[in-house]
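Subject: Structure handover

Hi,

Here is the structure for you to load. My notes on what turned up follow below it.

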Amino acid sequence: MTEGVVIAGAGPNGLMLAGELALAGVRPLVLESRVEPNEEPKANAVMGQAVRLLDHRGLHHRLGGDSQRPSPVPRFLFGALPLDLRDLADNPLHGLAVAQPELERVLARWAGELGVEICRGTEVTGFAQDADSVTVHLHGSDGPRTVRTRYLVGCDGGHSTVRRHAGIAFVGAAGENTCWRAARVIIDAAVLRMDTAEVDLGHKRLPLYAWTRTATGTYAIMPTGGGVVHVSTIEWDQAPPGDDVPMTVEELRASLRRVVGVDLTMRLPADEPPLLRRRNGGNTRVAEHYQLGRVLLVGDAAHVHSAMGAPGLNVGLQDAANLGWKLAAQLHGWAPPELLATYQAERRPAAERVAAHTQAQTALLAPGQQITALRGVVAELFGDAAARRRIAALLAGIDLRYPTGPDAHPLTGYFAPELTVTTTAGVRRLAELARTGRPLLLDFTAGELSTMAGPWGDRVDAVLARHPDPPAAGLLMRPDGYLAWAGGDGLTDALAAWFGPPAVTPGGGRR
Ligand SMILES: Cc1cc2nc3c(=O)[nH]c(=O)nc-3n(C[C@H](O)[C@H](O)[C@H](O)COP(=O)(O)OP(=O)(O)OC[C@H]3O[C@@H](n4cnc5c(N)ncnc54)[C@H](O)[C@@H]3O)c2cc1C
């Protein structure tokens with residue numbers, strides 16, 4: 001049997017892709033090397049536009065977000081400089097606090113409800129592709145075997161086997177002179193002062209919750225609850241040991257001693273999975289290609305960068321939503337010829353923006369007089385609301401416009417705006433209308449646009465809507481939430497360009 005899509009990796013992005021495909025009528029085979037779900041405490045928040053994407057799928061509330069709508073965060077940080085967003089009328093930076101294991105649980109449940117099964121304990125070890133299919137090599141509990149599929153998607157993280165096997169270059173900088181260390185550890189409860197938000201060592205007080213620069217490096221101590229703190233250090237002009245050298249708590253303690261000049265006793269928590277990381281802070285890379293024939297990359301498999309500003313899931317979850325409906329369209333046979341190629345054209349620039357801003361933020365954390373001066377200048381710029389909005393938009397990933405034609409409406413190519421409209425079924429938020437994951441025409445005319453879209457009725461839902469001040473006569477939203485078209489003219493061209501030829505000719509006959 002030939003599968004439609006095989007997904008390597010059931011991390012957040014593999015699970016999101018699986019759900020998107022299932023919503024679009026394609027049930028993928030998901031292969032995950034881990035036997036049990038991953039409890040490693042990595043991300044603790046989704047930031048930016050992906051929060052609205054999760055809302056479009058009804059997942060924002062399931063993940064603990066507000067039942068009404070996602071809210072923007074009042075404050076954030078850029079390179080540890082405060083970014084006060086409270087006075088922005090249109091603050092674009094949404095945030096959803098959720099621990100990564102919980103995110104993965106909810107996404108796995110959602111995908112399961114849509115009929116997706118995850119084949120755990122099964123590692124993708126390689127593949128061979130020809131013009132029609134990919135033969136995927138796997139290793140599971142019953143030994144090695146192969147499976148044939150029309151498409152293979154590597155959602156297998158930063159060390160992606162799929163990317164390496166495809167020979168796709170991971171372009172960027174290794175940053176050999178920056179060393180990040182981080183671990184979740186327990187420190188002496190007597191010195192952890194939650195009332196003053198400090199670690200109080202008597203002769204020295206270390207602030208909690210903030211990155212702090214010193215003459216020799218940068219550190220942060222973030223309480224995570226239950227007496228556990230997440231300690232991070234960054235040191236410059238120091239080559240990190242190789243990945244084969246496991247980091248110890250003693251190594252982190254020595255690093256903190258060099259950076260802050262104090263000795264903080266720490267030990268690993270006994271009752272949670274250890275999180276010990278040594279990261280090369282400059283390791284920022286983007287895959288040269290997101291697609292090689294029938295093999296594609298999503299999420300960390302396609303891009304790695306520092307966690308500054310928590311951008312990883314924002315870019316990865318949107319990769320998954322971008323690819324899901326396009327792959328499904330290929331398999332259903334209605335994809336326009338260039339549709340799949342738009343995946344790389346749209347998503348690679350998004351990763352490059354993240355690579356740029358995380359590197360800029362890391363540079364702002366370095367020690368030295370020149371960086372102090374640079375921080376002063378940037379802080380001054382942040383006095384302007386327009387500059388703060390621009391940085392918030394960069395962090396949210398909403399400043400990226402997908403390629404459009406020269407005469408496109410100003411909204412085309414962007415994520416759809418937040419809208420509440422009156423439909424024949426009552427008052428609805430646009431996010432509620434997006435739950436099905438089908439392309440959606442929001443028709444603010446008396447029905448002329450819906451009539452034009454009629455021949456695409458098997459693929460595109462048309463909704464008659466009223467709004468006191470509609471942004472355009474009509475909005476054509478893709479399943480990933482981006483606007484394929486907005487305006488009054490050119491609807492049928494846009495429908496054909498994105499969703500293929502009409503199934504029914506204007507005269508009523510089937511093609
Ligand atoms: C300490 C830390 C803090 C972070 N904080 C944040 C944050 O606050 N916000 C944020 O947005 N991002 C954060 N990130 C980044 C975020 O965790 C990643 O972007 C995210 O995990 C990427 O998801 P993924 O599905 O692409 O890859 P992964 O999460 O790496 O998942 C890949 C999956 O593939 C499986 N796999 C690997 N190889 C194979 C194979 N050959 N065959 C089958 N399965 C395979 C793995 O077992 C794994 O389950 C943080 C990262 C770290 C390390």
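Strand 27 (residues 440-443) pairs with strand 29 (residues 474-477) in the antiparallel sense, over 4 bridges. One partner pair to look up: Leu441 bridges to Leu476 in strand 29. Keep in mind that this is a predicted model.

Both strands sit in an open sheet of 6 strands. The order is 26-25-28-27-29-30, and the pairing is mixed. Strand 26 (426-429) and strand 30 (483-487) are the edges, each pairing on one side only. On average, neighbouring strands here are turned by 30° against each other, direction ignored.

A helix packs on this sheet: helix 13 (residues 491-499). Helix 13 touches strand 29 and strand 30. Its direction makes about 175° with that of strand 30.

Now the ligand. The residues around it number 33. Which come nearest? They are Gly9, Gly11, Gly157, Gly299 and Gly312.

By class, the shell around the ligand splits like this:
- nonpolar: 12 residues
- polar: 14 residues
- charged: 7 residues

Several elements each supply at least two residues of that shell. The helices are helix 1 (12-23) and helix 7 (312-332). The strands are strand 2 (29-32), strand 3 (45-47) and strand 8 (123-129). Which element gives the largest share? Helix 7 does, with 4 residues.

Best wishes

Key. Residues numbered from 1 in each chain as written. Predicted model: local features only at pLDDT ≥ 70, side-chain atom pairs only at ≥ 80, totals over all residues. Near = placed C-beta within 6 Å. Nonpolar A, V, L, I, M, F, W, Y, C, P; charged D, E, K, R; others polar. Pairing = 2+ DSSP bridges. Axes fitted to C-alpha atoms, helices over the stretch in contact; angles between N-to-C directions. Contact = placed C-beta atoms within 7 Å.
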